Each structure stands twice: as structure tokens, then as C-alpha cells.
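Colleague: Could you walk me through the space enclosed in this model and the places where its chains meet? I'd like one of the smaller spaces as the starting point, please.

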Amino acid sequence: MTPVVTITDLAKTFHLHQQGSIRIPVLAGFSAEIGAGEAVAVTGPSGRGKSSLLKLIYGSYRATGGAIRVWHDEDWVDVATAAPREVLAVRRRTIGYVTQFLRVIPRVPAEAVVAEPLLDRGIPQDTALERARHLLARLGIPQRLWHLSPMTFSGGEQQRVNIARGFAAAFPVLLLDEPTASLDSANRSRVLDLIEEARAAGSAIIAVFHDDTERRRACSREIALG
Amino acid sequence: MTPLLAAEGVTKSYGGRIGCSDVSMSLHAGEVLAIVGESGSGKTTLLRCLSGHLPVTAGKVRYTLRDGRHVSLDDLSEAERRLLMRTDWGFVHQDARDGLRMGVSAGANVGERMMAVGDRHYGRIRASAVDWLTRVEIPEDRIDDSPWSYSGGMRQRLQIARNLVTSPRLVFMDEPTGGLDVSVQARLLDLIRGLVRKLDLAAIVVTHDLAVARLLSTRMMVMQQGRVIETGLTDQVLEDPQAPYTQLLVSSVLQV
Amino acid sequence: MNPPAYNFAYLNEQTKRMIRRAILKAIAIPGYQVPFASREMPMPYGWGTGGVQVTAAVLTPDDTLKVIDQGADDTTNAVSIRKFFIKTAAVKTTERTEEASIIQTRHRIPEARLTENQILVFQVPIPEPLRFLEPRETETRKMHALEEYGVMHVKLYEDIAHYGQIATTYAYPAKVADRYVFDPSPIPKFDNPKLDNCPALQLFGAGREKRIYAIPPYTRVKSLDFEDHPFEIQTWDQPCALCGSRDSFLDEIVTDDRGGRLFVCSDTDFCARQRGEA
Ligand SMILES: [Zn+2]
């Protein structure tokens, strides 16, 4: 197994100045290694920082200590200390992130939302849209909705658009935060298929699952927090 | 890689009063930076310094010209600076009346920059004006109307078209959605976001509105009392603010 | 012999020297508006005090003066100014263009080709061509300095957009010696081609606005236009009803209260000469 994410002694403490300057430790001394083609489930009691870990790897949260090294463009980048511009480059080409909820932008149609990560990489519009439509179809989004902004979609539809977006670009590292939470069983199964395919294609997957069965089906290994 | 725009220790004081103090930053091609803070935080002063509208008291602002030369703005002659402002740069004012020629038609407003750089073909200028009005979603049949007859949102879109007609690489925006109704704001923000992506524009957006910053920018600078107190990726600053003031700013918005 | 009531041509010598210095500077920088300390004249501003001061500064006792207003020598304004110089300078006056050494004019350039021995003095109400779009004086000065003249075409663009053609017919802006854009005063655009490569010295005086500018003899003067809407002068369907000229600027005259109209030369001297020769 070739490691693509190496986390060493990671610490995260929130310092809330407005709430009497309290400090909330979320992670301390956390280390892990995730390899290409591996799917790892992050487990632990709720409130123990599972989502926070994903945000730290993605760079949305700033680490208090430690290193998060990601194999990017034939080199290691420490997301914990990298300059914003490097983190953006890592996000563009290396790390994908499926959040719990889609951030809807009014007037941007669903297919464009899905195609965006491909366009950001410089993939031609036609190719990007073709791939986007293919994924939307696989995830059961009716064709008549592709041209509409997901603003008016149901929660489940929005989440499937979000998943399609996450899988569109075949990121070498993919972070999934409860990707199946608001889906029915048929769609859950489709998402698990996508995860399996991404793994087979060599992506490293770091996921948080609510459901034990799904977690076991999707992931080969668990890393426990707390 | 040389940044498009870079500031080193930019300070502006008016007599004893500090406008902005010791600001350093860099902006690369295609990047969108938001400068946020409350009124009086120095963000507009900084924008005016970065865009060459205000001479700095100390520090330097550098820009990479189209020919690749990376020059300090105060090493440029006034003629070069003014040429830069109406070709390679755009400036979108909060009040469209400051950025438009209210006395002439919408078409003339869009065509002016072309004429300013020497285009002397009416038909071509007209065709560009039509094209740009369409791109900012202004109906073609309003081309000969005065901006006075436009709504606030339309004036703002016209101002954007007027700036973009020379294909600038950098656009400065000062509270571009300020003073507009919420629904009008949303449409304008979508339009700006779309244009910035499509044209691969670099932009510096000054705003007090974190929602505007979130939608438009990839990076943020938070200012308070003339100083930059926090910088980072936009999602970083909004989701994991570090400075006490930023935390207050973010939490007060989230409560709304 | 009584001492003259006025210094020659009304202005004292010091003032005339100051104005001449401004004129020399204006000639040295064709089309550039030179500020000068405009004096109060014994006539209202609208009467061409700028032109009168310029004329006073260049006038010599040997000169022959012609004064026209709208092309005519006999209008109130022209008559008053002519009388003013007869009284203050006792110079010869004439109505014939080719006899005059100095011609002060409002609103026209004579039809007859001027010569190197003549000076044409224009009365200018508003010297700043950029004023229409930029009211700030500091800004217009900067625009001239940096040759930022795109805004002039904005005005022409507006004409075409609204009227289908360049509708500006008077005070039509032009570029002098490929450098300064200037306002030729409210002459019809018909006269703009006469500004170009003119053998006579052309001086412009704006009294209220305190500006003097000049076009030296044989200077290129190019009227602004678009490639696809080139500069054109006015034309008429009929010749002058009095002299039959087809290439002079015509005024419309109402001949009776039943709607009768005539088109006749605005240059009364030219018209009379045409008839005399015919
Ligand atoms: Zn006649």
C-alpha cells in the first residue's frame, strides 16, 4: 500500500474568545496513514471530531499542532502549514470533499454544479458536462432537473447532486461526510457502488458513516477517535 | 510565479489618523480576494491604495503589466497609471453614479473604454456594447436609454459591463451589492461570480457582508482599525476564525 | 489737439503685452488653451470680450479691420465692435474680406480664401471641448495633458445612437496639429475644413473663461469622426437665392408671414461680390 495521506500527531483545539475564552480540545496526538485504493472509516462517539478531522484534512479547519501530509503532484504537501494558494491547488487536483449538505448557489444549474470541479482542472466544457450528466443519471436525478438550480430540489436530491460533484473528478483522495445520510436504500446502494469503483480506481477514501452496515460494506478499515 | 498585484507594508495616514497600516498581500491571476470589516476598518482606504486612487504614505504596491514587467505603481507615470486603470483594471463602485457617466446612454457607457483606447469604428463599438449588455442581462433595447432610467441593480450591471469591455485582468469592487434589495443582490452576485470564473478575472472585493465574501472569494482578509487581523482561505476564516474580532463577526452573522 | 480719451485700442500697453505673451504661447502650442488675465471691457461678456481683447492686442494703426457676426457685417454685435475700434483706435474698417488685415468674427469663417497677411480672431463663449462630459477643470486639464480624448467620441457616439448620424453641426470638435482637441467656437461644421491648412493666423479669445488659443498658419486641423461615420459638412438642395452660389453656407430667411422662405449666403460680403461679378 502506497500512503497518500500521512497524519502525524495532529491536534485541534478551538479557542472561543466570545464564550469566556474557553478552549475545546477536539483532537490530540492523532496519527494515521491512508493508502491509495483504501477506504477508511472514521469512527467514534458523536462530538469526538469525526467531521472536524475531515475539515482539517481539507484545510477548512486550521490544525493547532501536527502535520497532515498529502501526496500531491508528485510531492508531499503539509496541509496543516501550507499557504492558502497551495491548499487551493491540493483541492483542485488531489482532495475531493463531499460535505453533509450541498452549498446551493442560486441560478447555477445542477449539471454545472457537478461539472465545476472538472472545469476547475481545465477539462473542456463538453467533456465535463457529459461526465456530470452521466453521474446525475446514475444517481437517479431526472433529466428534466439537470438544467435547474438545486435550490428547489428535495434534501435527498441535493445530496445526490453533492455526491455526483464529489465523484465527478476522480480525486486521488476523497473525503465523505455521511454521504448516505438522507438517501433511500436504492440510492444508498448506488453511492456505495461509486465508492467501490473509486477505490478500485486507486482513490484513497476517508469517510464518516452513520450506519454500521454501510460502513462495513464500504470500508476495509476503521480509525477510531476518542 | 510573480503575483499580479502585490502590496508591501502599505500604510495610509491622514494627518495623525490611520487609514490602513502596514498591509502586505499578494494576488495572483484569476484569484478573488475579499477584504472584510466594518465601516471605518480601513478596507475602502486599502482598496483605494491598491488601485492607485490614493497615494500611499508608506509601502509599495506592485503590479505585473501585460508585457510581464512587475512595476511599482508610483514608478509609473500618471499617463501609464491612468491607461492601466481603463484597460487592464476595472473599478466597480458601490454607488453606480460614481462609476457611470450618467449623462450619456448605456451604450456610450460601455463603449467609452473602447473609444478611450482608440477604437474609431462606431459599428464595432456598438456591437461590443450590445454583446456586453447581453452578458450582464440588460435587454438590448435599453442600449440607448440613460442610466437614470435604470433600476439600482441594472445600473450596477451596467457598471460591470462598462469595466469589462476592455478585458481587464483585475477588477476592484467596493461593496458591489451595497444598498441593493436582497433579491437584486443575489442576482448580481451570481452574475459577478459567473463572469469572474468565465473570464478568469482576478478581483479584490471590499465588503462588510460575509455572505458576499463567501460566494465570491477564495481568500479573505479581515480588517479592524486599519490593520489586517486575519487572513486565510475563505472557508477557513468563516468556519474556523481565529482572532477574537473575526469570531465575533462570524458569530454575529450566523445568528442573523 | 485733444489728448485721446483712451490708450490706442482701449487697453493699456502693459495689458496688451500680457495678452500678446499669451498669444505667442498659444501659437507655439497650437490648440492649447492658454490662461490669461482677461480684463473687464466696456461691453457685456456675451459680446465677445475675449475676441475684442485679442484684436486690441494685435491691432496696429495701419490695420484694416473687418468685424462679422453670423457672417454679416451689419448686425448689432458687429457694428458695436467695429465702432468700438473706430473710436478707440481710429483704424480703417472694411466689409470686404480681402481688404481686411484683421477679421474679428463670431459664428462664421468668411467664404473667401484667407491669406498669409490676415489674422482671423474668433469670439469664443466656451473654449473647453471636454466640458460637455467632464465638468471638473482639474480633470479636463489632465485629460488634455495626457491626450485622453476618447470621451470626445462618446459625444459623437451619442449623436449617431440617437439621430443615426453625427448631429453636432456647430462647435464641431477637431484636433489641431495631431495633438490638442479644441472647440472651434460656434462656427458651423461647414467652416471646419477652412480651419485646416489655413494661410491666415487664427486666434481664439474667451473673455469670461479667460482663455486664448491659436492655430498658426498652415496647421493641420482634423475634425473628429468615426471610420464608418466620416466627418461631413452641411449641404443644401438649392443654391443661394441671391447670388446662385452652390458652395457657400446658406441661412434660411423667412420672407413674409405666409411661410415664404429663402436660402441666402450667410457671408453677406461674399454674396455681394458674387452678384457683382455675375
Ligand atoms: Zn449668395
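Modeller: Happy to. The lining of the second largest cavity is made up of one nonpolar, one polar and five charged residues. Please keep in mind throughout that this is a predicted model. The residues around that cavity are Gln33(C), Pro127(C), Glu128(C), Arg131(C), Glu137(C), Glu209(C) and Arg211(C). Pro counts as nonpolar, and Glu and Arg count as charged, so Pro127(C) is the nonpolar member and Gln33(C) the polar one. The space they line amounts to about 30 Å³.

How many cavities of 30 Å³ or more are there by this rule? The count is two, and the largest has a volume of about 40 Å³. Its lining belongs to chain B: Ile160(B), Leu164(B), Val171(B), Met173(B), Ile192(B), Leu195(B), Val196(B) and Leu201(B). By class that gives eight nonpolar residues, with no polar and no charged ones. Three elements of chain B each provide at least two of these residues: helix H6 (152-164), strand E7 (170-174) and helix H7 (182-199). Of these, H7(B) contributes the most, with three residues.

From the cavities we can move to an open space. The second largest pocket holds about 1,200 Å³. It is lined by 37 residues, and those closest to its centre are His53(B), Arg82(B), Arg162(B), Arg136(C) and Glu139(C). Both chain B and chain C take part in the lining: on chain B, helix H2 (78-87), strand E6 (89-92), helix H3 (96-99), helix H4 (106-116) and H6 each supply at least two residues, and so do H4 and H5 of chain C. H2(B) has the largest share, five residues. The whole lining divides into 13 nonpolar, eight polar and 16 charged residues. H6(B) therefore turns up here as well as in the lining of the largest cavity, its limits being set by the run of DSSP helix.

That pocket leads us to the interface of chain C and chain B. Each chain puts 21 residues into the contact. Together they bury about 1,900 Å², and carbon and sulfur atoms account for 58% of this. Four salt bridges cross the interface by the rule used. One of them pairs Glu78(B) with Lys142(C), whose closest N and O atoms are 3.1 Å apart. A salt bridge needs such atoms within 4 Å, so this pair qualifies. In addition, 13 residue pairs are in polar contact between chain C and chain B, both residues being at pLDDT 80 or more. On the chain C side, the elements giving two or more residues are helix H4 (137-145) and helix H5 (150-163). H5(C) gives the most, nine residues. The chain C side as a whole has nine nonpolar, four polar and eight charged residues.

Chain B also meets chain A, and here 23 residues of chain A touch 28 residues of chain B. The buried area is about 2,200 Å², with carbon and sulfur atoms giving 42%. Three arginines deserve a look: Arg62(A), Arg85(A) and Arg107(A) supply 33% of the area chain A buries against chain B, more than any other three residues.

Two of those arginines can be followed into salt bridges. Arg107(A) pairs with Glu137(B), with the closest N and O atoms 3.2 Å apart. This pair runs between chains, from Glu137(B) in the loop between helix H5 (122-135) and H6 of chain B to Arg107(A) in the loop between strand E6 (95-98) and H3 of chain A. Arg85(A) forms a salt bridge with Glu31(B), where the closest N and O atoms are 2.4 Å apart. Between chain A and chain B the salt bridges number ten, while the structure holds 56 over all chains.

Polar contacts between chain A and chain B come to 20 residue pairs, both residues at pLDDT 80 or more. The side of chain A that touches chain B draws two or more residues from each of strand E1 (3-16), helix H2 (84-93) and helix H3 (110-120) of chain A. H2(A) gives the most, five residues. By class, this side of chain A has nine nonpolar, five polar and nine charged residues.

Notes
Residues numbered from 1 in each chain as written. Chains lettered and ligands numbered in written order. Predicted model: local features only at pLDDT ≥ 70, side-chain atom pairs only at ≥ 80, totals over all residues. Heavy atoms only, no water. Contact = heavy atoms within 4.5 Å. Buried area = accessible area lost by both parts, 1.4 Å probe. Salt bridge = Lys/Arg side-chain N within 4 Å of Asp/Glu carboxyl O. Polar contact = N/O pair within 3.5 Å; in protein donor to acceptor, adjacent residues only side chain to side chain. Helix = DSSP H or I, 4+ residues; strand = E, 2+ residues; numbered from the N terminus. 1 Å grid on protein atoms, 1.4 Å probe; cavity = no way out; pocket = protein on both sides within 12 Å on 5 of 7 lines; lining within 4 Å. Points joined across faces, edges and corners; volume = space filled by probe spheres on them.
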